[in-house]
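Work through the exercises below with the structure open. Each task is followed by a solution in steps.

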Amino acid sequence: MSRDVNPPAFANVVPFSRPNADPEKNAVFAAVVLAAHLRSLRLASGMKQNEAAKAISISGAKLSRLERAEITPHPRDVEDLAKLYELSPRNTAELIRLAQMARERTWWKRANISVPTSLSQLVGLECAATELSTFELSLLPGLLQTPDYARALMVGSQLGLGEDEIEERLRLRKARQELALDRDPQALFLLDESILHRGVGSPSGMTKQIDHLTRLSAVEGIEIRIVPFSSNPAIAANITSFTTLGFAPFSGLPNLAYVEEDWTGRYYMKGIQPEDKAGPSFEHYQKLMDKLRYEAVGREESLRRLEAARERFSS
């Protein structure tokens, strides 16, 4: 007998507060919602990953990647998994529909913009999030960078980027900013104070960058706060830059944490324990973000420190 579990939430007739949180318009969002459902269904069935994979004649590695939205789902695999988990025809059809939408072209492919594989999920999800919180340890996050700041980073990097590649990445950065910070954003940016002392590019470029941060601070829903040198060293030790993303309750997607690791990134879902039981989880990074928020100075003091940094670079 098929089980009539709750269908993917996008099937409910609820308006999306952010267009890119609609799986029909965002292939990455569809893929991650599907991945979350597949993992939840397997856990509810009591099956281990290798057991479920063997039952539908795919490798455990492939199912693992499907459950993390790291590969494009094939509708046939999804249909086989739905049958294995004894879903009703209605819910099976909804999962297959998600798989089909996940195979559509992303907005950046439609715009002929290349995105590094390690960033594709972040780029696809940050514009769908209703809440975004970022901690940056050494450089400004891409969503806050001016073109001059971003260009200076790319020219000074060891990637050996040509002019065409730099221009393409600048286009991507601009598009990300427009998509993520429009439509009543709720965004918190926690910046380590060292960022305000690290010149990137020319002094005039840095003053323009700080002016940009000041303007963004005045936008409703955007909060930029400084984590001072005097913050608790035990909190700042052994951490890297990371982002937490919150989504509307009806979206079908749990909140996520994205953690930078060298030139790659890892994702952690709320309520889902990673394969390494002793490793970090979404809850770990959420608690860390809360502690950093507590350590950060308030809005007015952050603005004063931005102004002091501007004076240093303009003198």
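**Exercise 1. Describe how helix 4 and helix 5 pack.**

Step 1. The axes of helix 4 (residues 75-84) and helix 5 (residues 89-102) come within 9 Å and cross at roughly 155°. Axes are lines fitted to C-alpha atoms, for helices over the stretch in contact, and angles run from 0 to 180 degrees between N-to-C directions.

Step 2. Helix 4 is therefore roughly antiparallel to helix 5 (angles over 145 degrees count as roughly antiparallel).

Step 3. The crossing of helix 4 with helix 5 is right-handed, a term for a near helix turned clockwise from the far one by less than a right angle.

Step 4. On helix 4 the contact uses Pro-75, Val-78, Glu-79 and Ala-82, and on helix 5 Thr-92, Leu-95, Ile-96, Ala-99 and Gln-100. Contact means heavy atoms within 4.5 Å.

Step 5. Sorted by type, the residues of this contact are six nonpolar, two polar and one charged. Ala, Val, Leu, Ile, Met, Phe, Trp, Tyr, Cys and Pro count as nonpolar, Asp, Glu, Lys and Arg as charged, and the others, Gly among them, as polar.

The model is predicted: local features need pLDDT of at least 70 and side-chain atom pairs count only at pLDDT 80 or more, while totals for chains, interfaces and linings use all residues. Residues are numbered from 1 along each chain as its sequence is written, and side-chain values use heavy atoms, with hydrogens and water left out.

**Exercise 2. Check the length of helix 10 and place His-212.**

Step 1. Helix 10 (residues 203-217) has 15 residues, so at 1.5 Å a residue it should span 21 Å (1.5 Å times one less than the number of residues). The end C-alpha atoms of helix 10 are 21 Å apart, which agrees.

Step 2. The buried residues of helix 10 include Met-206, Ile-210, Leu-213 and Leu-216. They pack against helix 8 (147-156), strand 3 (222-227) and helix 13 (299-314). Helices (H or I, at least four residues) and strands (E, at least two) are DSSP runs, numbered from the N terminus.

Step 3. His-212 lies in helix 10 and is buried, at a relative accessible area of 19%. Buried means under 20% relative accessible area, exposed over 50%, partly exposed in between (1.4 Å probe, protein chains only). Leaving aside residues up to four places away in sequence, His-212 touches Leu-144 and Thr-146.

**Exercise 3. Is Ala-69 buried or exposed?**

Step 1. Ala-69 sits in the loop between helix 3 (60-67) and helix 4.

Step 2. Its phi is near 60°, a positive value in a residue other than glycine. Most residues other than glycine have a negative phi.

Step 3. Ala-69 counts as buried because its relative accessibility is 14%.

Key
Parallel < 35°, antiparallel > 145°, perpendicular 65-115°, else oblique.
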